[in-house]
Amino acid sequence: MENTITSSTSSPKGRGVNFATPRGFGSKFKTKCKETFFPDDPFKPISQEPNRLIKTKKLLEYFVPIFEWLPKYDMQKLKYDVLAGITITSLAVPQGISYAKLASIPPIIGLYSSFVPPFVYAVFGSSNNLAVGTVAACSLLIAETFGEEMSKNEPELYLHLIFTATLITGLFQFAMGFLRLGILVDFLSHSTITGFMGGTAIIILLQQLKGIFGLVHFTHKTDVVSVLHSILDNRAEFKWQSTLAGVCFLVFLQSTRYIKQKYPKLFWVSAMGPMVVVVVGCVVAYLVKGTAHGIATVGPLKKGLNPPSIQLLNFDSKYLGMVFKAGIVTGLIALAEGIAIGRSFAVMKNEQTDGNKEMIAFGLMNVIGSFTSCYLTTGPFSKTAVNYNAGTKTPMSNVVMGVCMMLILLFLAPLFSYTPLVGLSAIIMSAMLGLINYEEMYHLFKVDKFDFLVCMSAFFGVSFLSMDYGLIISVGFSIVRALLYVARPSTCKLGRIPNSVMFRDIEQYPASEEMLGYIILQLGSPVFFANSTYVRERILRWIRDEPEAIEFLLLDLSGVSTIDMTGMETLLEVQRILGSKSIKMVIINPRFEVLEKMMLAHFVDKIGKEYMFLSIDDAVQACRFNLTTTKPEP
């Protein structure tokens with residue numbers, strides 16, 4: 001056999017491998033940073049604008065989205081936004097009080113948290129559909145982090161620490177958005193979020209049985225076993241009046257949800273349901289003196305707008321660990337939930353939301369909220385769904401909600417002091433029943449068993465251990481899966497599709513033709529230290545399993561995005577092993593970054609440029625020529 005084969009440089013003009021001089025470190029570093037932090041290249045249209053004034057205007061519109069949509073605003077959009085804003089206010093009042101109760105903080109704080117943050121989001125948010133407010137999962141996680149004992153024994157300190165944790169959440173979210181670190185949120189996969197929300201819904205549902213049964217004594221723990229044990233131990237405290245009221249409220253709320261699902265145009269029935277429960281509960285509790293019959297109420301709610309709370313922030317080193325834990329964990333969950341929900345509804349309207357802008361908006365919401373007696377806010381699913389169904393057109397619906405909340409705080413807040421706790425428990429239970437996505441879990445089981453495992457680890461971890469452990473276990477499984485993808489990359493053997501120059505996986509396309517005398521393998525991931533041994537062993541196994549003797553190994557590297565020194569040494573080792581068996585190794589279509597590293601490491605010189613080709617077909621033709629020219633004469 002000849003020592004060389006037809007060189008890629010002899011391919012038709014314009015089709016050869018481009019052995020250009022590798023770029024400098026600065027150029028490559030700049031490109032890498034741009035692709036990592038600015039994959040959408042948002043500033044390119046701005047930089048191409050020749051007019052400096054227009055360029056400044058576009059830059060302002062990018063960082064403060066209200067300047068983009070407000071000049072185009074008209075009365076037609078206002079009509080829809082006012083309707084949507086009033087509708088979500090009817091949900092914000094009972095949810096605000098309910099979720100504040102879940103976080104073990106004064107109910108008025110829940111109302112405060114639906115007043116200031118919506119105005120901030122309207123200025124900096126990029127979603128036209130998202131309605132901001134408090135959420136159940138983060139409310140419970142905050143209470144679990146600081147502990148029920150502190151909330152009962154030192155309520156003022158507890159509230160101050162929650163304001164401080166909200167500040168930490170805001171700074172963390174803002175920093176992530178400003179530094180374009182949305183990639184960190186991606187580690188909370190769809191499967192993790194589905195399982196986490198389902199598990200959280202289970203423990204919140206069980207927690208509300210305290211209110212439904214009218215219990216006085218209850219466990220501080222949140223896991224299923226402890227809660228069920230506490231309910232059974234305190235069954236002597238059951239109050240039939242509270243239980244009857246709770247069942248009636250829950251049946252009513254579930255009926256309104258059924259009506260919405262059956263007749264989507266009647267979405268407002270479900271949206272108004274919680275407010276109806278609150279109003280009816282207030283009236284009944286006031287008329288029959290419910291507290292005298294074992295039905296506890298919210299208690300006094302004072303008039304007035306949010307008082308400043310910046311002077312209440314507590315950075316005592318004794319509590320700083322808990323504050324940072326609560327702030328960062330709830331911040332991540334709130335980001336993942338809010339961004340995912342915003343994107344989901346944007347897709348329905350063929351719109352786009354910028355994840356990094358959303359992080360900045362959420363961050364500013366919580367920073368300013370921590371200064372104005374608010375606790376953590378994000379984009380809850382229920383409120384956003386109502387906002388979307390009500391026909392919202394712009395973030396102005398959040399402004400309308402903020403104005404309505406201002407009027408309620410100024411004039412109507414004391415009226416809600418008669419709200420029965422059993423009514424709030426029913427509202428929370430009804431909302432939580434919608435968060436257990438059985439269909440999605442079954443879909444994950446059918447499509448991808450590992451995704452299902454990730455989902456179930458979050459679900460059962462949250463339900464039977466704690467919210468922290470459930471999340472950590474699920475994210476751990478997700479990372480293990482990512483590492484398996486990296487450490488065990490896909491490789492496949494290619495064959496030619498009949499009557500074409502296309503080469504595809506022979507397992508996927510059994511009719512594809514294998515070539516006698518050589519084998520074509522495709523690598524589908526980066527080749528580096530973590531998987532180089534596997535890549536070597538897998539290549540050698542492919543060759544060993546060939547029934548016929550081969551003379552050429554063709555490696556298609558078009559799917560290899562990067563390679564390190566270990567990876568290149570591995571390929572050279574493969575070449576040496578094959579060389580001892582009189583098998584030549586050919587490299588096909590290395591990508592730009594891969595080829596640059598190969599040239600800098602002198603890999604190309606060791607392999608030989610004549611063994612590198614632009615396409616599989618070029619390599620096949622060259623190998624075929626050498627096979628035919630080396631056949632012995634008859």
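This text walks through one helix, its neighbours, a pocket, a cavity and a few loop residues. The model is predicted.

Start at helix α20, residues 421-433. The helix has 13 residues, and at 1.5 Å a residue they should span 18 Å. The end C-alpha atoms of α20 are 18 Å apart, so the expected span and the model agree. Most of α20 is covered, with 11 of its 13 residues buried. The buried stretch takes in V422, G423, L424, S425, A426, I427, I428, M429, S430, A431 and M432. What do these buried residues pack against? Their partners are helices: α5 (75-102), α8 (136-146), α11 (190-207), α12 (209-213), α14 (240-262) and α15 (267-287).

One residue beside this helix deserves a closer look. Q208 sits in the loop between α11 and α12. Is Q208 buried or exposed? Its relative accessible area is 2%, under the 20% cut-off, so Q208 counts as buried. Leaving aside residues up to four places away in sequence, Q208 touches K101, L102, S425, I428 and M429. Of these contacts, S425, I428 and M429 are among the buried residues of α20. The side chains of Q208 and S425 are also joined by a polar contact of 3.3 Å.

The loop that leads into α20 tells another story. L415 lies between α19 (396-412) and α20. The relative accessible area of L415 is 55%, over the 50% cut-off, so this leucine is exposed. L415 and E148 are 267 residues apart along the chain, and their C-alpha atoms are separated by 28 Å.

E148 brings us to the second largest pocket. Its space comes to about 1,200 Å³. The lining consists of 45 residues, and K101, S104, E148, K210 and L421 lie nearest the centre. Two or more lining residues come from each of α5, α6 (107-112), α8, α9 (148-153), α10 (155-178), α12 and α20. Which element gives the largest share? That is α10, with 5 residues. By class, the lining divides into 21 nonpolar, 15 polar and 9 charged residues. Helix α20 thus has two roles in this account: its buried residues pack against other helices, and α20 supplies part of the pocket lining.

Now turn to enclosed space. Rolling a probe the size of a water molecule over the atoms shows where empty space is left. How many cavities of 30 Å³ or more does the whole structure hold? The search finds 1. The largest cavity has about 50 Å³ of space. Its lining is made of K493, L494, G495, E513, E514, M515, Y518, I519, I520 and E546. Strands β1 (491-496) and β3 (518-523) each supply at least two of these residues. The lining counts 5 nonpolar, 1 polar and 4 charged residues.

Two loop residues finish the tour. Most residues other than glycine have a negative phi. S373 has a positive phi, near 60°. The residue lies in the loop between α17 (355-371) and α18 (381-389). With a relative accessible area of 4%, S373 is buried. N499 also has a positive phi, near 60°. Its loop runs between β1 and β2 (503-505). Here the surroundings are open to the probe: N499 is exposed, with a relative accessible area of 84%. One positive phi thus belongs to buried S373, the other to exposed N499.

Key: Residues numbered from 1 in each chain as written. Predicted model: local features only at pLDDT ≥ 70, side-chain atom pairs only at ≥ 80, totals over all residues. Heavy atoms only, no water. Helix = DSSP H or I, 4+ residues; strand = E, 2+ residues; numbered from the N terminus. Expected span 1.5 Å × (residues − 1). Buried < 20%, exposed > 50% of the residue type's maximum accessible area, 1.4 Å probe, protein only. Contact = heavy atoms within 4.5 Å. 1 Å grid on protein atoms, 1.4 Å probe; cavity = no way out; pocket = protein on both sides within 12 Å on 5 of 7 lines; lining within 4 Å. Points joined across faces, edges and corners; volume = space filled by probe spheres on them. Nonpolar A, V, L, I, M, F, W, Y, C, P; charged D, E, K, R; others polar. Polar contact = N/O pair within 3.5 Å; in protein donor to acceptor, adjacent residues only side chain to side chain.
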